[in-house]
Amino acid sequence: MTPLNVPPPPDNVTVTVNGAPMQLPKGKNLLQALLDVGHYIPHYCYHPRLSVAGNCRLCLIELEGRPKPEIACNMVVADGLKIRTDSELVDSCRKGMMEFLLINHPLDCPICDRGGECMLQRYSVEYGWGTARTIDPRRRFHKPQFDPLIDIERNRCIMCTRCVRFCDEIAGEHVMGVFGHGNRNYIGTYGNGPVSNPFSGNVIDICPVGCLTSKPFRFKARVWELRQTNTTTRTCNGAVTAWTRAGKLYRVTPPTRRRHGAYTIDEDTDEFISNEARFGTHYANHDDRLTTPMIAAGDGAQMTTSWKSALEAAARALRNAGRGEACFLAGERSTNEEFYLLGRLARGLCRAGHIDWRMRFTSEAAARAAGDALRASDGDLDLLARGAYGATLMIHADLLGTAPDIALRIKEAARAGKTRLALLDARVDEFFGRFADPVYLEQPEALATAVNNLAAALEHGRDEAHAPADGAPLFNHLAQHEQGLIVLGLDAAGGALNPALVPAALRLVQALGAGWQFLAVTAARNARGAVAAGAQSDRLPTGPVTDPEALRSTSELYGAPLEAPEETPAAPELLRRAAAGQFKVLFLHRCDELVHHPQRELIEQALAATETVIAVDIFPSWITRHADIVLPGSLFYENDGTMTDIDGTLQRMSRGDRPRGDAQEEWRILESIAVLMSAARRHKSAQSIFGDLLKAWNAPTLFRLDDLLLDPPSLLPQTNHVLLSRRTRPNFKLILAERGAQPPAQAAPAAGGGLRLLWNMHSQGPDHLGSRSSEFDALHPQPRLELNPADAAALGLADGDWVRLAGGEVYLPVIQLERAIGPLPDEALYQEEAVETPA
Amino acid sequence: MATAAIQNYSPILTAGVTGTVYSGSVESLADYQAKGGYDGYKRALQEQTPDDVLALVKEANIRGRGGAGFPAGVKWGFIPRNRNLPHYVCVNADESEPGTFSNRPILEQRPHLLLEGAALAAYATLAETVYIYIRKEYYEGVRQTQRAIDDAYAAGLLGRNILGTGFNLDIHVHTGAGAYICGEETALIESLEGKRGYPRLRPPFPAVQGLYNCPTVINNVETLAIVAEVARRGGDWFKSLGTEKSPGMTVYSISGHVRKPGNYELPLGVTMRELIYEHAGGIRDGNKFKAVFPGGSSVPMLFEDELDVVMDFDGPRQYGTFLGSTGIIVMDETVCLVWAALNLMHFYWDESCGQCTPCREGTGWMHKILKRLEHGQGVQHDVDLLLDICKNIVGRSICALGEFSTGSLVRTIPRFRDEFQAHVDQQGCPFEKKYTEFR
Amino acid sequence: MPQIQIQEPVKTNGVRERHGAAIAELERKYPTRRSLLLPVLWLIQEEDGWISAETMEEAAEICECTTAEVMEVVSFYQMYNRAPVGKYVLGICGTLPCALCAADGLYEYLKEKLGIGWNETTADGLFTIQRRECLGACSEAPVMLVNQETETRLTRAKVDGILEECRQGKRKPYFTGRNNKQ
């Protein structure tokens, strides 16, 4: 892989702060530069990832030689700048602002959920007066219902407008605003409606005071009583912090650095997480949890049993399976370690057992194409953020629906001008549409042809003369740049990925040259890990199954002899064979995607036709009820291991609490079965399994699992006041990037008559886990079908009608048509404080 | 300056309308052209380069009449001399400063004078579009200005390829919707862009990133009217009026307790005493003078012993106040200064845009305190507290409105502390306030 | 599939339809659609007398911005009415130069005569009293804006005359349209 050119960081220049020279990066925001070196300046409205508003006036500093103070957040580092942050003037500015901010504040700290994390509390102590000089009545606002998940208390608001800017700049649309005038300004949404974007929960964290707080967390606990576990979820890319007490999950936030809640989330992190990660993880508290092992007791009944007997039963069944009679289906949300152990069980300890993870795809061809795409992925979102990719093309990527956290990072780069974004899709939403140019819309089955045409044109040359007749702007957009990124969505058609799209996209990357990289995106949380850890039928941890060297090295790692398989069926084919009764044992490891699978009948047949079904899961479902052996697993803050983000970033999942009841961490379950199957015990910790993986990937072995955690003590600067950002977080990447010459794709099969279904986030409701997160349920858009009015008229459908859909291999339950006209804003729109009449 | 010379001065900008707003009739395009109107504009287009016009305005040292007194030529000079981006000229006709009413007669009765000045500004700054931002309350001003624009288009003075010179110019009227803050130039830009009138942070300055993020010049109505006169009569004529550092004339708007309130256009450099006692006929009802705002309600007041201040850009500065918008509000001895401050604090509290902390919270707090004082609920530390709040606002807000709100207090409290304290001690206002009686 | 009667789409207020020409003219004036917002809101208010929730949504569509952004603007500018007003809106200037010349008394007089206070409308829907800040006619105080006309040097007799003219319908009403109801 050739390293890409990245714009160099700016040079340092000398700035004199309080008489002492300091080296700061030229052209950088002065406030941020000072914070980065641990020189703390109090601030409310400034946030490193939002535009500068300069309205709180707390970061006023003195510029030597100027009578008036200036705000640090609107200054850039320049050579020879001389500032004072400790003068009497600066002190009086801070005191004055703190007093102004508190004269109308209700001072209701005892009942405020922000307590302990509040910047008003903190700065009052550090920069405030100590006494109140006001005797006048305080301004009061009505308290509206607002968002189902966000509580608003306007009396506590300091009008920093972070939430407004967050919605406008980061999350998509200007749904929050500043209403009213002057002293009676207040924040809100139009008609007090919900903050309708998939990242809305972040306004809770970035609110520096107690104005916006979390409804699910309201009055539940004080933050300093909670245990923080830096971990990652099984559903979303990126890291999070789980805040728990006695095993119960209280809230999920972006990853924090400090172990105890003495500091604010807002100062702790500058990362944002999606609502899915924040609220969609509250299934953790659902009572329905599987807590003890169970085995079938005949007549469809199940009975609880001991771990010993359950594991022995599982090991026995696997041992007894004949050659090729054991099939392991590894859920896409398994950790890298689980994938590795499942591969070892299937390949090393069962006789030529099958393993695959690609259950979300409904055809064998789609599954194979997806595997190819993921194997070839080498795009790096950190490089994107640093401006290495001049251009980015997103092909058929319903990114907001499939991987919102990744969508946010790509949009951020486009908005910041780090890359120029183009879209080629069957459907474009506002989220990217605002920042993309050019935008091409194609019928879904024509996308592969369009990409192939583009690649063919580029193969002839980058000169404009070669541009396809109808695609010149897109051609030029790509051809102008030596370095760029192609993003391909694998899920935009539901499970029915057009297999021709993958080779077409890879051909395009090839045609664009060595500076171009490729990123396949999917909602399958740990798809990259499955490929790399050997949970895909044609992949071993050390390479393709067809490679004798890979076989040898993997066999060494497994501690078991391996043979090259004759064939490598993917999950769709495995399910078909299972339904045909070809397997004796079906091992279903955290197969959430089967619970809501479109081909339910096929799976029912597979369960019925297999002698022993072993299921590892955390919640009962129709699948676990059909299983012969049920093994209860763990939550994302009860388990040790690693996950791989869609761009290859390794995320640590760590155990902060022990699993509920008798449940166990999955790696222990899998390792125990291996031991019972007469293998020598190899792993006493997840770290040790990870060590095997590092060996498999030829990674430096000095690197420890805990290095992935956010706050290795040595990296923490020696100050209490430092806002650490993404840049200082250790980041380890897993990139396979096998991209061979690809055959040109055939034209996509023509669609049948009638309408085509374009899959998007609105097509499906919450899944197995999401539906158990009551808070998230409130927020998840109702599944709905969006239709062109002309089509609707032709079908005789109107808003609010119910329809049943069946298309291709996708089969959906009843779906509700979206209502075009939402409820009108209520009277509260006009209920602001009455305007005072003049004296 | 000798009084005699002033008395010989005949008004130019507001000829025929001085004194009262509604006495004159509207000057038509024909009337204006008969007086040599648009001659300067035609000459500029046909014979001069944009740089020539810029040099003329720089040379004449026309200082802005909107309040800050910044030289117009210097402001124009900040605009890049290329056309990489479209340039804009915005005319600030959002005249909302209490006690200021000099733009109104120009808009209503001599709109062509403004149009010519705006067109010259556009020519000099390589702009092809001018927006005249007129406050909505000036319905008549909007009507007359729009009519004048239509006439100018019909006469070929605006539009494409004007007078065959290849110069294109469009002038549009944009009306506000009732917000004092939109008189602040960056708030005006935001308002033109269809947003809340929130002043922007500087840098970047409008000359670099203004309207629609393009280089933009914003000038006051009176300033541009002067530009039109200077283009016709020359810089030397202009510099022969006024003082050395404050050349030319301006319109002093005098209101309040004087016998003859009105607009008085005079060369800069008259004294406050001349303005009040000679031009405006002295204090009404034979009362005694008490205090005066020299430049709209936003600047600190002047008092009896300071009336000999020279009313040019520099004169009031030695007293810690400013020429501002030359809106002179005169108050006689019957006026309670706490009441006056309360009235104005209501204005600033009401008109603060609410964007930044000191102005949003400070004006509200001071309003509450003054209201208590005036209504007999003052407490001992209130007077000192007011001064301290002023100190915490001045120089710390995004725009100048925060500082403006302290204009009625910063010089008044030290001078009339007894009057403020009396409100606390007597638990109420000691004044009778005859002037509020409506007959 | 059962035959279902297609419902008529919910009717909008039709701002775009009724003011098509004016909006097209505005589009020529400004390079961004967002700049149309203030003028479009004026078109609405001149017709309806106030800005309702429905018209705000239409304005958002016309100006290609969110409803929150329209609400931000409507609530910022003090001359946009967010509740219906009377046929004649009396905007009394209450700022210092007028206050020095009996503006407070003018308000008291109107309050007594009409029986309404600030931002209230008479029962017959004829008059609304609003407070305006300085109207730029300080030399002719006290001053009041009656719909679009500035009335200066007011006295009791003059005010009586103006009110009478309004009652007799001799003055242009504040709004032209049909929609001035709550």
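This report walks through the chain and domain interfaces of a predicted model, then a small sheet in chain A.

**How the chains meet**

Let's start with chains A and B. Here 43 residues of chain A are in contact with 40 residues of chain B. Together they bury about 3,400 Å², with carbon and sulfur atoms giving 51% of that area. There are 27 residue pairs in polar contact between chain A and chain B, counting pairs with both residues at pLDDT 80 or more. As for charges, the rule finds 4 salt bridges across the interface of chain A and chain B. If you want one to click on, try A:Arg133 and B:Asp388, whose side chains meet in a salt bridge at 2.9 Å, N to O. On the chain A side, the elements that give two or more residues to the surface touching chain B are helix 2 (88-103) and strand 7 (176-179). Helix 2 of chain A has the largest share of that side, with 9 residues.

Now for chain C, which also sits against chain B: the contact takes 53 residues from chain C and 65 residues from chain B. The area buried between chain C and chain B is about 4,500 Å², and carbon and sulfur atoms give 58% of it. C:Phe76, C:Leu96 and C:Leu100 supply 16% of what chain C buries against chain B, more than any other three residues. The interface of chain C and chain B has 26 residue pairs in polar contact (both at pLDDT 80 or more), and the salt bridge count is 2. C:Glu149 forms a salt bridge with B:Arg143, the closest N and O atoms being 3.6 Å apart. Several elements of chain C give two or more residues to the side that touches chain B, among them helix 5 (67-76), helix 7 (103-114), strand 2 (127-132) and helix 8 (156-167). Which helix of chain C gives the most to that side? That would be helix 3, with 5 residues.

**Domains inside chain B**

Chain B is divided into domain 1 (28-238), domain 2 (250-332) and domain 3 (337-425). Look at the last two: the C-alpha centres of domain 2 and domain 3 of chain B lie 22 Å apart. In this pairing, 15 residues of domain 2 of chain B are in contact with 13 residues of domain 3 of chain B. About 1,200 Å² is buried between domain 2 and domain 3 of chain B, and 60% of it comes from carbon and sulfur atoms. From the domain 2 side, B:Lys290, B:Ser298 and B:Phe303 supply 42% of the area buried against domain 3 of chain B, more than any other three residues.

Between domain 2 and domain 3 of chain B there are 4 salt bridges, and 8 residue pairs are in polar contact (both at pLDDT 80 or more). Strand 8 (289-293) and strand 9 (302-303) of chain B are the elements giving two or more residues to the domain 2 side that touches domain 3. Strand 8 of chain B gives the most there, with 3 residues.

**Domains inside chain A**

The domain assignment splits chain A into five pieces, including domain 3 (294-360 + 544-709) and domain 4 (367-523). The centres of domain 3 and domain 4 of chain A, taken over C-alpha atoms, are separated by 34 Å. Contact involves 10 residues of domain 3 of chain A and 17 residues of domain 4 of chain A. These domains bury about 1,000 Å² between them, 56% of it on carbon and sulfur atoms. A:Arg360, A:Ile646 and A:Asp647 supply 62% of the area that domain 3 of chain A buries against domain 4 of chain A, more than any other three residues.

A:Arg360 turns up again in a salt bridge with A:Asp491. The count between domain 3 and domain 4 of chain A is 1 salt bridge, alongside 4 residue pairs in polar contact (both at pLDDT 80 or more).

Here are some salt bridges side by side.

| Salt bridge | Closest N to O distance |
|---|---|
| A:Arg133 and B:Asp388 | 2.9 Å |
| B:Asp305 and B:Arg415 | 3.2 Å |
| A:Arg360 and A:Asp491 | 3.3 Å |
| C:Glu149 and B:Arg143 | 3.6 Å |

**A small sheet in chain A**

Finally, 3 strands of chain A form an open, antiparallel sheet in the order 10-11-12. Strand 10 (227-232) and strand 12 (248-253) of chain A are the edges, each pairing on one side only. From one strand to the next, the twist averages 30°. Strand 10 of chain A is joined to strand 11 (residues 239-245) of chain A by 6 bridges. A:Thr231 stands opposite A:Val240 in strand 11 of chain A.

How values were computed: Residues numbered from 1 in each chain as written. Chains lettered and ligands numbered in written order. Predicted model: local features only at pLDDT ≥ 70, side-chain atom pairs only at ≥ 80, totals over all residues. Heavy atoms only, no water. Pairing = 2+ DSSP bridges. Helix = DSSP H or I, 4+ residues; strand = E, 2+ residues; numbered from the N terminus. Axes fitted to C-alpha atoms, helices over the stretch in contact; angles between N-to-C directions. Domains from an automatic or database assignment. Contact = heavy atoms within 4.5 Å. Buried area = accessible area lost by both parts, 1.4 Å probe. Polar contact = N/O pair within 3.5 Å; in protein donor to acceptor, adjacent residues only side chain to side chain.
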